[in-house]
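Q: I am new to this structure and would like a close look at a single part. Please walk me through the second largest pocket and what surrounds it.

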Amino acid sequence: MVGWSGSGKTTLLEQLLPVLRARGVSVSVIKHSHHDIVLDVPGKDSDRHRRAGAQEVMVVSPQRWGLFAETTEMPTLEQQLQRLAPVDLVLVEGQKQLAIPKIEIVRPAVGALPRYPADCHIIAVASDAAPAAEGVPPGIAWLDLNDVPGVADFLQQWLQRQQQK
């Protein structure tokens, strides 16, 4: 999922995940951030261990677990995927520079030029507007951003085609 800030990537994912889960599709998400992120609570034991020099700190409870890792460079997508448990589908939010299949979220109200005319990895556009007068390049589906079940249908059909390859 790619798109300019404020286009609705997170909102679409938030609405899409329960629909896919209800359909029996297991999904994980990788969220990219350009900023330094705080994953731990300052002063907690795990934060103190990390600050003291631990390369990785795992926090475990009966409800969830998390792994905090210090790094000098962003891990590759392959390295990120290796950290995840097997699922049917991994959705990546952001990382528009990667050469992976993408759905672009386009909202004309954001006022930014869409990427789909120039990015050959965009397989679909989810928008709250009709396509531009010049149309959509071949091979790119145009989805209604407000039709979450329709976006889920597209993803499931795409996933089935990938599994058949």
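A: Let's start with residue classes: Ala, Val, Leu, Ile, Met, Phe, Trp, Tyr, Cys and Pro count as nonpolar, Asp, Glu, Lys and Arg as charged, and the others, Gly among them, as polar. The model is predicted, so to speak of local features a pLDDT of at least 70 is asked for and for side-chain atom pairs 80 or more, while totals for chains, interfaces and linings use all residues. Residues are numbered from 1 along each chain as its sequence is written, and side-chain values use heavy atoms, leaving out hydrogens and water.

Here is the setting. The chain holds four helices and seven strands (DSSP runs of H or I with at least four residues, and of E with at least two, numbered from the N terminus). Read from the N terminus, their order is α-β-α-β-β-α-β-β-β-β-α. Along the principal axes, the C-alpha atoms fill a box of roughly 60 × 35 × 25 Å. Of the 165 residues in the chain, 31% are buried (under 20% relative accessible area with a 1.4 Å probe, protein chains only).

Now to your pocket, an open set of points on a 1 Å grid over the protein atoms alone, with protein on both sides within 12 Å along at least five of seven lines; a cavity is a set where a 1.4 Å probe fits but cannot get out, and lining residues have an atom within 4 Å of a point. The second largest pocket has a volume (the space filled by probe spheres set on points joined across faces, edges and corners) of about 280 Å³. It is lined by 16 residues, and Val90, Leu91, Val92, Ile100 and Pro101 are the closest to its centre. Two or more lining residues come from each of α3 (77–82), β4 (89–93), β5 (102–106) and α4 (148–164). By class, the lining has 14 nonpolar residues, one polar and one charged.

β4 deserves a closer look, as it gives the largest share of this lining, four residues. The strand is mostly covered, with four of its five residues buried. Its partner β1 (residues 27–31) runs parallel to β4, joined to it by five bridges (two strands pair if DSSP finds at least two). In this pairing, lysine 31 stands opposite glutamate 93 of β4.

For contrast, the chain also has one cavity of 30 Å³ or more, with a volume of about 40 Å³. Among the residues that line this cavity are Trp4, Ser7, Glu104 and Pro114. Its lining divides into six nonpolar, one polar and two charged residues.

Conventions
Buried < 20%, exposed > 50% of the residue type's maximum accessible area, 1.4 Å probe, protein only.
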